[in-house]
Amino acid sequence: GRIVHLADYRPTDFVLERVDLTFELDPTETKVEARLIFHRREGVDANAPLILDGDDLTMTSLLFDQIEMDPARYTAAPESLVIRDLPESVPFEITVVTMINPEANTQLMGLYRSNGIYCTQCEAEGFRRITYFPDRPDVLAVYTINIIADKAANPLLLSNGNFLGGAGFGPDKHFAAWFDPHPKPSYLFALVAGDLGVVEDTFVTMSEREVTLKIYVEHGKEPRAAYAMDALKRSMKWDEEVFGREYDLDIFMIVAVSDFNMGAMENKGLNIFNDKYVLADPETATDQDYANIEAIIAHEYFHNWTGNRITCRDWFQLCLKEGLTVYRDHEFSADMRSRSVKRIAEVRHLRSEQFPEDAGPLAHPVRPTKYREINNFYTTTVYEKGSEVTRMIATILGRDDFKKGMDLYFERHDGDAATVEDFVKCFEDASGKDLKQFSLWYHQAGTPQITVSSTYDAGAKTLSLSLEQMVPATPGQSAKEPMHIPLRFSLISENGAEATASAISGGNVSGDVLHLTDRAQTFTFTGIGSRPVVSLNRGFSAPVTLHFSQSADDLGHIARYDSDLFARWQAITDLALPVLTDAAKSAREGTAITTSPAFIDVLLAVAADEALEPAFRAQALSLPSEADIARELGGNNDPDAIHAGRQAVLSAIATAGIEVFRALHDAHSASGPFTPDANGAGKRGLKNIALSFLTLAENTPALAAEAFARADNMTDLSQALTILAHRFPDSTEAKEALAAFETRFASNALVLDKWFSIQATIPGAASLDRVKALMGSPHFAPTNPNRVRSLVGTFAFGNTTGFNRADGAAYGFFAEQILAIDPRNPQLAARLLTALRSWRLLEPGRADKARTALTTIEASTSLSTDVRDIVDRILK
Ligand code: B3K
Ligand code: ZN
């Protein structure tokens, strides 16, 4: 594939006015007739041909204004259709018929079949696998869809918009017609046909219109869609209340399918979901599953305004819909659950996924300027960092001006294919603030590093805070400009109160936000009576890394007294990291591992503090991950030493806190009837982490085996199984529990994904053989993305010691898997391959072996553009 540049953007030569599609569905020979009405855009050369995109298409007929087209006037190839000699100004109609094979579509892009259900995935460029089309997001049109299919096998025929009508068609077939009045780009087209069960409800909008809500799932699974329906209704209400956005069709449908490349897709009025993010009940779904379902249902629903009503001009603007919509779903979940705990989880995720991306060979700006394969740009940078950039706009503008800016955006750009500049301009116009320097967040890749030091002058009663920012070099961007970084802060006095300053100099501080805009700046606060503790980047107001050597006493003070729970959690993390990196170094050198008693004291005090919500305490007790420690160490890393060091620290905490953990475990064990809300989840979270520490302290599988036997919900059951399998993999208890779990859930593929993942993440070199053996399990299916991700993906992304075993055998296995998956499903293969993106941070022996595996992949002559793009960039 060639490289696409943002700078080359120009509008199409022809304007598409209408789209009428007729599908005659057949598992292997589906006929698609597309009637497209175009006119030449004003000012375009009268000789310019019409160029339509295709991907692997076979055309069987082409009409011009209903008459067969002279073959001299067009060139049809699998990847394009070029038509010449077209009218200079009058509209004309092209009717093109293509034949496609949904059954053979293993890429899961375009029209395919999943478990006997016809479904589509068109974002980003899947529509061109259905028919020839100007397949780009700035071509908006009104669609009418006719679907003809065998009636017995496909009682259900769905597409976007409102249902127009249906009838019988010949002896065995029937048809349905749908009309979507909202102009949309082709990537939002959807079609579903098959036989599914349905859960139905209604929602009355703020202007009192009744909307029919339908969630389609496999027959028999209807009860497991209840939570998704509840989340949908809460999302609709929240978007009205918080963003003033009302739904705009008579019906909103969600269809759950079992073969899907990602989480879900926001097709207008007809969202298609990976069934993993729809189906839930206490017996089969964990608290994390419930939280994910709530967030993803909301995310796709919110796209109706941020993505669909206002779409992207081109794919470089992807963060315009994704970053903004992630921000919206984060805010929704924060309102539905605990705001601080949600923020902690977001930041953990950002640090473990986005920071490594931004620091490695795949780093790119939130708004990239070039791509080779757009599907490789649905990244955590575009999504999560994009959300953080939106959050910073809200921080800089304040609540009211942010709301005005959003309202202006909806008013000014409804019906548009917009750009990031359009978006930012709305906030500038609404607030009168200049966001020019701030916009660098969209253009400069890399996580800003901020070095901080503070000096208190008791005589002068001043506190000086010196900050210096550095944005690291990233691929294609060696020199960076200073950014506008909004840092929420507080000065906490000895008694825990917030200190106030009489005057501030050296930079712009508004309210509790300090605006760092120069490369280096010293802010001086006067009138400070005693030395305060500085709490900086509260709530993680900016996605940066702080280098601020605060004393353990100061961090302990924040951990105990800060009124911002996020800052308390951050202080605990800052206390933990040096302990964990020291432990890793000791493990590497073979010297004794010591843990700071002061750190353990703070941690146990937080754990036992009944004034703090359980979910917060559970977060505090979940120490930084092995990947976090690796990032902190910064290079030449030995995953075995990191693991051993971390385990030693966990054991020391467990031993010191055994009574605390026993009390927590017992207090929350009889939790009463299951509720999936944040409160119930928080209690289970705390109980289960207490169980894992207790198990460490006692070093026997007995407690976890008991918990496994007693569990009445999937969270407790899978946690107990994880403890058994990860800590005592060879014990009878672990083996029996794994076997019991497999038997009990033999017919539930989504639950067995947990069984695969738990086993794939058992630490140690032996896990490679386990993963290989599991690939032979009758429950495994190499063509199903969820199965592949839960086994191979979890192993590569989540098992640092197993995947990085010193002999490099797992890298070799991984390369084989990538090469086997790629011909079937390039998107899946490319996504998995990013697991090797941080290979350069490994110690030389492992790095060498990882490079060999990558070179093997690179040497293949038949790679997809997707995998070629990733492997080339990772190796560069
Ligand atoms: N917009 C889709 C993602 C499409 C990915 C295409 N490779 C889901 C979402 O972000 O809501
Ligand atoms: Zn999205």
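User: What makes domain 1 and domain 2 separate entries in the domain assignment of the protein chain?

Analyst: Domain bounds come from an automatic or database domain assignment. That assignment gives domain 1 as 1-105 + 120-193 and domain 2 as 196-305, alongside domain 3 (318-331 + 341-358 + 366-390 + 400-443), domain 4 (449-549) and domain 5 (768-876). The C-alpha centres of domain 1 and domain 4 lie 55 Å apart. This is a predicted model, in which local features need pLDDT of at least 70 and side-chain atom pairs count only at pLDDT 80 or more, while totals for chains, interfaces and linings use all residues. Residues are numbered from 1 along each chain as its sequence is written, and chains are lettered from A and ligands numbered from 1 in the order in which they are written.

User: Why is ligand 1 said to lie between domain 2 and domain 3?

Analyst: Both domains give residues to the shell around ligand 1, so the ligand lies between them. A residue is near a molecule if its C-beta atom, placed from the backbone, lies within 6 Å of it. The residues surrounding ligand 1 include His299, Glu300, His303, Glu322 and Tyr378.

User: How do you know that strand S3 and strand S9 pair?

Analyst: Strands are DSSP runs (E, at least two residues), numbered from the N terminus, and two strands pair if DSSP finds at least two bridges between them. Strand S3 (residues 30-40) and strand S9 (residues 92-100) have nine bridges in the antiparallel sense, so the criterion is met. Arg35 has Thr95 in S9 as its bridge partner.

Conventions. Helices (H or I, at least four residues) and strands (E, at least two) are DSSP runs, numbered from the N terminus.
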